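Here is a set of short exercises to work through with the model open beside you. Try each task before reading its solution.

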Amino acid sequence: MQRIQDMLGYERLTQLLPTTKLDGRVITAILCGFGAGILLRKWLFRRQLQKKIAKAQEQRERLLEQMKAAVHRFKQKHPDIRAESILSLSLLELSEKLQEGTFSPENVLYTYMEQALKVNEELNCLTDFIPDCEEQLRELQKRKEKGLLYGIPVSLKEHYDYKNHVSSCGLVSFLGIPAKDDSVIVKVLKSQGAIPFVKTNVPQTMLSYDSSNVIFGKTLHPQNPKKSPGGSSSGEGALIAGGGSILGLGSDVGGSIRIPSSFCGICGLKPTASRLSFLGTPVPLPGMDTVTASLGPMARDVDSLALCMRALLCEELFHLDPSLPPLSFNDEVYASSKPLRIGYYESDGFSQPTPSMKRAIQQTKQLLEKTGHELIPFSVPRTEHMVYELFLGGIFADGIETLHDLLKNEMIDPCMRYLFRLSYFPAFVKRLLSFLLKPMVSEETLEAA
């Protein structure tokens, strides 16, 4: 009761109301009524969010059932298709067989659709099926020019716009707003003969290394369901590692391609910023000009990443987004056997690597030296300044106000709860905590080193 009185201004209320006609019991009843109204409003708002979530979940289940039905129809017509003969191939091998006509795009697409459904049942990595893939398949078979990714099924991180499909970024407030057009990257994929067929899960806001949101739930690690596949390209990492996709497109600001690739045991590339177009790929926090995100491929091996970049860096991309530098993939540099001078470090002095990470760095160093490359150790300068002032300062230059405004009308997923609560702290409290905790963190870092 005291808390309600403080919230509603008990003293102010008693000044405004005629005290001669109101005793304490009446004022208490009024305050209780106000409190009940606030609770009712919160309940109604939460109820509204739950209805939007339920509708999105029903839509996903309906599309996945449609996906299952399409696979079933195909298998009835083609009972002799051996899935393993397709799923066991690398992207380069599969692409070669598609280009020469040994395999048909139809057989490949439905085989990967079936496998993606199996992986999703275990890992919860799919958010959407793209029924247009069947229409695109029919159009693809009429084309004269095949393209570098002819007949290759491609999975997309959830926030890649696909016409008439929602890009929620794991946020309830983004639901119910289907994209009016394909993103530039989706258009280029199609022009190169690729077939986008599913979209994959992300953590709420995509500003987390975890893998859950309140709409579609948590994506699990393909080898250990008690672990996270990493984020924010969570569904991509899990689906590709589980064998449900041979090529996927993710995005990365501070590790969102690289971390799930590392966690799941696949390969991922974060290209230089503005190498691939971001047009038609929404993000929850616009205006991050000092720390820019990159779109990039994820696959089982490095050669697959190179083929994808070779296909995407084409005239079609530079025509659709003239702001990009018109630089094609440099095959001469990629295929060169000229020895390189490569710098490396085992620790950046800020976050300590695990023993397995140090071992991986040493093994990589030894392998590179055996092939004739020169490896040079170096120290990363001013790491704390880079992390706190440049990286985090660039992402949250507004003091997390935009993020706070975004999440205050959301049901908060556990992976974002700490950051959301922190956003409520006044600036002087954050500075005080930073001042008090920084010496402790620095001391622990030195001890660990």
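**Exercise 1. A helix and its surroundings**

How many of the 19 residues of H6 are buried?

*Solution.* The coordinates come from a predicted model, so local features need pLDDT of at least 70.

Step 1. Place the helix: H6 covers residues 105-123. From first C-alpha to last it reaches 26 Å, close to the 27 Å expected at 1.5 Å a residue.

Step 2. Count the buried positions. There are 15 among the 19 residues, so H6 is largely enclosed by the rest of the structure.

Step 3. Look at what follows the helix. Asn124 comes after H6, and its phi is positive, near 55°.

Step 4. Set this against the whole protein chain, where buried residues make up 43% of the 449 residues. That chain holds 18 helices and 10 strands, and its C-alpha trace spans about 95 × 60 × 45 Å along the principal axes.

**Exercise 2. One face of a helix**

Find the buried residues of H7 and work out where they lie around the helix.

*Solution.* Step 1. List them: Cys133, Glu134, Gln136, Leu137 and Leu140 are the buried residues of H7.

Step 2. Look down the axis. The buried residues of H7 fall within an arc of 160°, so they line one face of the helix.

Step 3. Now take two charged residues of the helix. Glu135 and Arg138 both belong to H7 (residues 132-140) and are three residues apart, about one turn of the helix. The general rule is that an α-helix has 3.6 residues a turn, so residues three or four places apart point the same way.

Step 4. Check the contact. The side chains of Glu135 and Arg138 form a salt bridge, with an N to O distance of 3.0 Å. Glu135 is partly exposed at 37% relative accessibility, and Arg138 is partly exposed too, at 45%.

**Exercise 3. Salt bridges in different settings**

Which of Glu61 and Arg60 is buried, and which is partly exposed?

*Solution.* Step 1. Start from the total: a search of the whole structure gives 13 salt bridges.

Step 2. Test the pair. The cut-off is 4 Å from nitrogen to carboxyl oxygen, and the side chains of Glu61 and Arg60 meet it at 3.9 Å.

Step 3. Compare accessibility. Arg60 has a relative accessible area of 10% and is buried, whereas Glu61, at 41%, counts as partly exposed.

Step 4. Add some context from the record. An unreviewed UniProt entry places a "coiled-coil region" at residues 46-73. In the model this stretch is 100% helix and 0% strand, with its end C-alpha atoms 41 Å apart.

Step 5. Try another pair. Lys408 forms a salt bridge with Asp405, their closest N and O atoms being 3.7 Å apart. Here Lys408 is partly exposed at 45%, and Asp405 is partly exposed at 39%.

**Exercise 4. Reading a sheet**

Which strands stand at the edges of the six-stranded open sheet?

*Solution.* Step 1. Write down the order, S1-S3-S2-S6-S8-S7, and note that the pairing is mixed.

Step 2. Read off the ends. S1 (126-129) and S7 (267-268) are the edge strands, each with a single partner strand, so one side of each is left without a neighbour in the sheet.

Step 3. Move inward to S2 (residues 153-157) and S6 (residues 247-252), which pair in the parallel sense over two bridges. Leu156 stands opposite Leu249 in S6.

Step 4. Follow the chain out of the sheet. Phe174 sits in the loop between S2 and helix H8 (184-191), and at 22% relative accessibility Phe174 counts as partly exposed. The C-alpha atoms of Phe174 and Leu239 are 24 Å apart, with their positions 65 residues apart along the chain.

**Exercise 5. Cysteines without partners**

Why is Cys264 not bonded to the closest cysteine sulfur?

*Solution.* Step 1. Recall the chemistry: a disulfide is a covalent bond between the sulfur atoms of two cysteines.

Step 2. Apply the cut-off of 2.5 Å between sulfur atoms. The closest cysteine sulfur to that of Cys264 belongs to Cys125 and is 9.8 Å away, too far for a bond. Cys264 itself is buried, at 6% relative accessible area.

Step 3. Repeat for Cys267. Its nearest cysteine sulfur is that of Cys264, 12 Å away, and Cys267 is in no disulfide.

Step 4. Finish with the total: the whole structure has zero disulfides.

Terms used:
Residues numbered from 1 in each chain as written. Predicted model: local features only at pLDDT ≥ 70, side-chain atom pairs only at ≥ 80, totals over all residues. Heavy atoms only, no water. Buried < 20%, exposed > 50% of the residue type's maximum accessible area, 1.4 Å probe, protein only. Helix = DSSP H or I, 4+ residues; strand = E, 2+ residues; numbered from the N terminus. UniProt positions renumbered as here; feature names shortened; annotations may be inferred. Arc of directions from axis to C-beta. Expected span 1.5 Å × (residues − 1). Pairing = 2+ DSSP bridges.
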